[in-house]
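Dear colleague,

I am handing over the structure below, and I would be glad if you could keep it open while you read the notes that follow it.

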Amino acid sequence: MGLDIRWPIGLMFTLIGALLAGDGALNSANSISLGININFIWGIVLLGFGAFMLWGAVKGGKKPPAP
Amino acid sequence: MQPIQLQWLDYTILAAYVAFVIGIGWMLSRYMKTSSDFLTSARSIPTWVTGLAFISANLGALELVGMAASGAKYGMSTAHFYWVGAIPAMIFLAVFMMPFYYGSKARSVPEYLKMRFDERVRALNSVAFAVMTIFASGISMNALAKLLNQLLGWNYNAALFISSGVVLLYVLKGGLTSAIYTEVLQFFMIVLGFAPVVYLGLKDVGGWHVMNHSLQTVALNPAALNLKDAGISYASNAWTSAWRPVLAGPSHNPMGVDWFAMIFGLGFVLSFGYWCTNFLVVQRAMAAKNMTAARNTPLVAAVPKMFFPFLVIVPGMIAAALCTLPDKGYRIPPPILSPASYARAIEVVKNARAGDPADAVTAVSAALGTKVAPDKIVSLVAANAASKLSDDQIKAGLYNSIAENDYDGVILSLVKRYCPSGLLGLALTALLASFMSGMAGNVTAFNTVFTYDLYQAYFAVGRSDRHYFITGKVITVVGIALSILTAYFASMYNNCMDIIQLVFGFVNAPLFATFLLGMFWKRTTATGAFLGLFGGIASSATFHALTLAQGNSPGVKGGYLKVVEVFPSEMAQNFWLAAFAFIACLLLTLGISLATKRTKSDAELKGLVYSLTPRIVDDQQPAYMRPAVVGVVLLIACVVLNLIFW
């Protein structure tokens, strides 16, 4: 099938990662759990994972199909 | 537990996930041209995708919720469901069985049975499988809707229809490929959604060593956490070692199982029966793009599967450990009771006289409809008599006095405890993803078996591919509708889950004997396989009717004819039942095969039976790609894990 699944996975985790990290940065008082800003930290982790997937998709060569 | 209040960020994450899974189905819809595209993915998918889908289809929410529950109840021994009950069978499937499934060009497991034996065996397997997948899907959806209702206050019907509707949308658009692709996305969602909960839980409890130390306290007095009856005590390693408590005997481990039942019942019969013959998981490997990819699919899946205990069982162990640390203020959640029950019990506490504690305890227990800790009720009544407590204070006291645990609530209680808004949305989305992957897996397996093995085989032979393509889509809708109906059925009967699991056990346990003999002994006849399988199922039912687990009354849980054997636990009863049914099916099939004539020649069985099929030569591939080599490496890794947690 023509869809490289790394595109949607990468895009989704980049989006969720950005949302979480953004919330952690701007709304840090409500992002704390056990003394750590978990939203910010985990948002960065998800961003990294999303970027890794996108990098794999780009390197793999298949463009996301046009809608 | 009070309902959780979600914020806009949580809803946004949930919405993003739903949009992406529907989007995947929509993008794939353009490639759906034939019934093969829709029902079997036209054998076009790369290994890493089928591998992760293989594991994700099995990773339903019942497993996520259930394994955390077992982690609290039984500790590290629960890992046997992975290290003994999954990895060896997955390796066996890859190395020995996949060549027959994939090489025979069968489109489903029942179709393989038809090629190897005859229509009777195919029909028996297809009908049993179709019914089981619908019930599995419905039970899973009922659990999800109940959870969303209790946890978020969502309407049960709305939760059921919306989640089923999302699955329907993406499966109807993109068929099996859509289910497989979204399962990969769901796999990452589940891992990345629950990993921070495990990390925060370990941090809270004080690290791995403190958790182990606390679990030693649990083992010495499990009654303190309502895990066992008063007076029961185990060796200090009962919750932290995987093997030592099991080797010590059934009375020395909280599961109540012995090593033979564990290794033969779980590790051989149940495990191989599930992983090697269940079309739900085998279908993912059969969708791979070539034989090597198909054989490597279970091996790719085995890598994360090996480490899943740390994601799904450790949270339960953390929960049990937290209960022993008074400063943490945590308890395993009690069963969810209705506000009316609490209101009745509050009135009882208010009207109780401090001088009559026994009556108060009985009355509170009756009002709540559950067991309570007498000393806590007596203290509560005394505190209320001394200074009038508010309703909320009494309710909190009642909550803490309930002497029963709702183990299925463990994982959610930790999510609620540690996750701020945002991370909460991520964890709940992971839970939703696990439910959806389970349902989509069942529905796609159901529509393939129903369309090819029942409809095409018996009702509409020789029609055009377009006809079966459309039928596959219609059956997808029917499958979802039947799942919703069974969800309502499951919600009406408390013991529905027990009955269904029982039926699964009856059907699945002997099936592996049929496959084992069929694939590795060319003398196995169709009549032998058919009657052996029937006899195996009947043996399961008879075994169950004559045995019982300690603490259960005769009925759905067994012993309804006569009790001739009592097992220390339900798990032990199930493991022994599986072993008995397997041996019965094996001996019956052997005997009847020897007494009946073969109906298929050696030429017809080529590619279906081990001794008549040319060996696959892997020499052309690098060592790390050869299934046998990878299988041995994984087996060694699995043994090492067993030794580390011995």
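**What was found**

In chain A, which has 67 residues, 43% of the residues are buried. Please bear in mind from the start that this is a predicted model, and that the values in this message were computed from it. The secondary structure of chain A consists of two helices and two strands, and, read from the N terminus, these elements follow one another in the order α-β-β-α. If one takes the contacts in chain A that have a separation of 6 or more, 63% of them join residues that lie 24 or more positions apart.

Chain B has 646 residues, of which 57% count as buried, and its secondary structure amounts to 27 helices and two strands. Measured against the same kind of count, namely contacts with a separation of 6 or more, residues 24 or more positions apart account for 79% in chain B. The C-alpha trace of chain B spans about 90 × 55 × 45 Å along its principal axes. As for the radius of gyration, chain B has 26 Å, which agrees with the value near 26 Å that a compact globule of 646 residues would have.

Within chain B, one pair of helices deserves a description of its own. Helix α9 of chain B covers residues 156-205 and helix α22 of chain B covers residues 423-459, and their axes come within 6 Å of each other and cross at roughly 140°. Angles over 145 degrees would count as roughly antiparallel, and those from 65 to 115 as roughly perpendicular, so α9(B) and α22(B) are oblique to each other. The crossing in which α9(B) passes α22(B) is left-handed, and the residues of the contact between these two helices comprise 21 nonpolar, nine polar and one charged.

The two chains also touch each other, with 30 residues of chain B in contact with 23 residues of chain A. On the side of chain B that touches chain A, the elements that give two or more residues are α1 (8-28), α9 and α22 of chain B, and so the pair of helices described above comes up again here. The residues on this side of chain B divide into 22 nonpolar, six polar and two charged.

With kind regards

Notes
Residues numbered from 1 in each chain as written. Chains lettered and ligands numbered in written order. Predicted model: local features only at pLDDT ≥ 70, side-chain atom pairs only at ≥ 80, totals over all residues. Axes fitted to C-alpha atoms, helices over the stretch in contact; angles between N-to-C directions. Helix = DSSP H or I, 4+ residues; strand = E, 2+ residues; numbered from the N terminus. Parallel < 35°, antiparallel > 145°, perpendicular 65-115°, else oblique. Left-handed = near helix turned anticlockwise from the far one by under 90°. Nonpolar A, V, L, I, M, F, W, Y, C, P; charged D, E, K, R; others polar. Contact = placed C-beta atoms within 7 Å. Rg over C-alpha atoms; globule rule 2.2 N^0.38 Å. Buried ≥ 20, exposed ≤ 12 C-beta atoms within 10 Å, placed from the backbone.
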